[in-house]
Amino acid sequence: MGRGGDLSAAMSDADAVVHLAGALQAIRGNTYEEANVGTVRRTIAAMRGSSVRRVVYLSYVGADPDSTNEYLATKGEAECLVRDCGVDSVVVRSTFIFGPPDDPGPSAAPFLSKDGKAVSVIGTGEQLWAAVFVGDVAAALTGAALDPAAPNGTFAIAGPETLTVDAFIDAINHHHVKKRHLRRVVARLLAVGLPTLTRTMVDVLAADSLADGPLITDVLGLDRRRVGQVHQQARRADLQPS
């Protein structure tokens, strides 16, 4: 359910909860503490007295309450709350998530070239991402929540291929596109004056995004799709007669 609904009422008869709320782009009065920890605290509070027996939490690779990066630290704090909530729990740490061509998602959309214009890339573009398809993430979270054989614990989910960020951008654009690389130090300085960017966000995007634990997809026996597969499936679907 959405952020503004009655959590207690929604969970009263639920068997499992999948917590997705969180933010890498903490702007417009929002904070990393509120977005990534506060939402989990309220979810756990609403579970008390309910029929919920399992909670699944979508986190990010590298989450650690002792991290110097505020996003990773608050994600790590939230993981601790989930593990200690008193019911079965599964933490799924995801790499960078992308969607299909017609709905790339808020993370991947800025990497789509418009009218041949250059795409802005934080960092050298040589950082490594095992970007994961949103449909595969959804299948893994559903399986972790509903499959009785799914074990408790902390797992990762990542795509089946590792690409440089520059190669990933070319893949989702279907061809080589111009890129404007912003060195991390320059991007961090720009973040002081840009309302849509934070230094915390800069440091996450400039780093590798790779699996940091056992894959939940292996545990559940699920397939993972490469960027090219996702786009080929989308093109075939577009060619089907309506």
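Helix α5 (residues 134-146) lies across four strands, β1, β2, β3 and β8, and runs at about 150° to β2. The model described here is predicted. The strands beneath this description form an open sheet in the order β1-β2-β3-β8, with parallel pairing. The points below cover the sheet, a buried arginine in β2 and the nonpolar cores.

**The sheet and its helices**

- Strands β1 (16-19) and β8 (153-157) stand at the edges of the sheet; each has a single partner strand, so one side of each is left without a neighbour in the sheet.
- Direction ignored, neighbouring strands of the sheet are turned by 20° against each other on average.
- Strand β3 (residues 88-94) pairs with β8 in the parallel sense, over five bridges.
- Within this pairing, threonine 154 in β8 is the bridge partner of valine 91.
- Helix α2 (residues 32-47) packs on the sheet and touches β1 and β2. The direction of helix α2 makes about 170° with that of β1.

**Arginine 54**

- Arginine 54 lies in strand β2, which spans residues 54-60.
- This arginine is buried, because its relative accessible area of 10% falls under the 20% cut-off.
- The side chain of arginine 54 reaches two backbone oxygens: that of alanine 144 at 2.8 Å, and that of alanine 150 at 2.9 Å.
- Leaving aside neighbours within four places in sequence, the contacts of arginine 54 include Asp15, Ala16 and Val17. Also among them are Val87, Asp88 and Val90, as well as Asp147, Pro151 and Asn152.

**The nonpolar cores**

- The largest nonpolar core has 31 residues, of which Phe96, Phe98, Phe111, Ile122, Trp129, Phe168 and Ile169 touch the most other members.
- The elements that give two or more residues to this core are the helices α3 (70-83), α6 (165-173), α8 (199-205) and α10 (227-239), together with strand β5 (119-122).
- Phenylalanine 98, one of the residues that touch the most other members of the largest core, is in contact with Pro104, Ala108, Ala131, Val132, Phe133, Val134, Phe168, Val227 and Val230, not counting residues up to four places away in sequence.
- A second, separate core holds 15 residues, including Val132, Val137, Ala144 and Phe155.
- Two of these names recur elsewhere in this briefing: Val132 is touched by phenylalanine 98, and the backbone oxygen of alanine 144 is reached by the side chain of arginine 54.

Technical notes
Residues are numbered from 1 along each chain as its sequence is written. This is a predicted model: local features need pLDDT of at least 70, side-chain atom pairs count only at pLDDT 80 or more; totals for chains, interfaces and linings use all residues. Side-chain values use heavy atoms; hydrogens and water are left out. A nonpolar core is a set of buried Ala, Val, Leu, Ile, Met, Phe, Trp, Tyr and Cys residues joined through side-chain atoms within 4.5 Å. Buried means under 20% relative accessible area, exposed over 50%, partly exposed in between (1.4 Å probe, protein chains only). Contact means heavy atoms within 4.5 Å. A polar contact is a pair of N or O atoms within 3.5 Å; within protein, one must be able to donate a hydrogen and the other to accept it, and residues adjacent in sequence count only if both atoms are side-chain atoms. Two strands pair if DSSP finds at least two bridges between them. Axes are lines fitted to C-alpha atoms, for helices over the stretch in contact, and angles run from 0 to 180 degrees between N-to-C directions.
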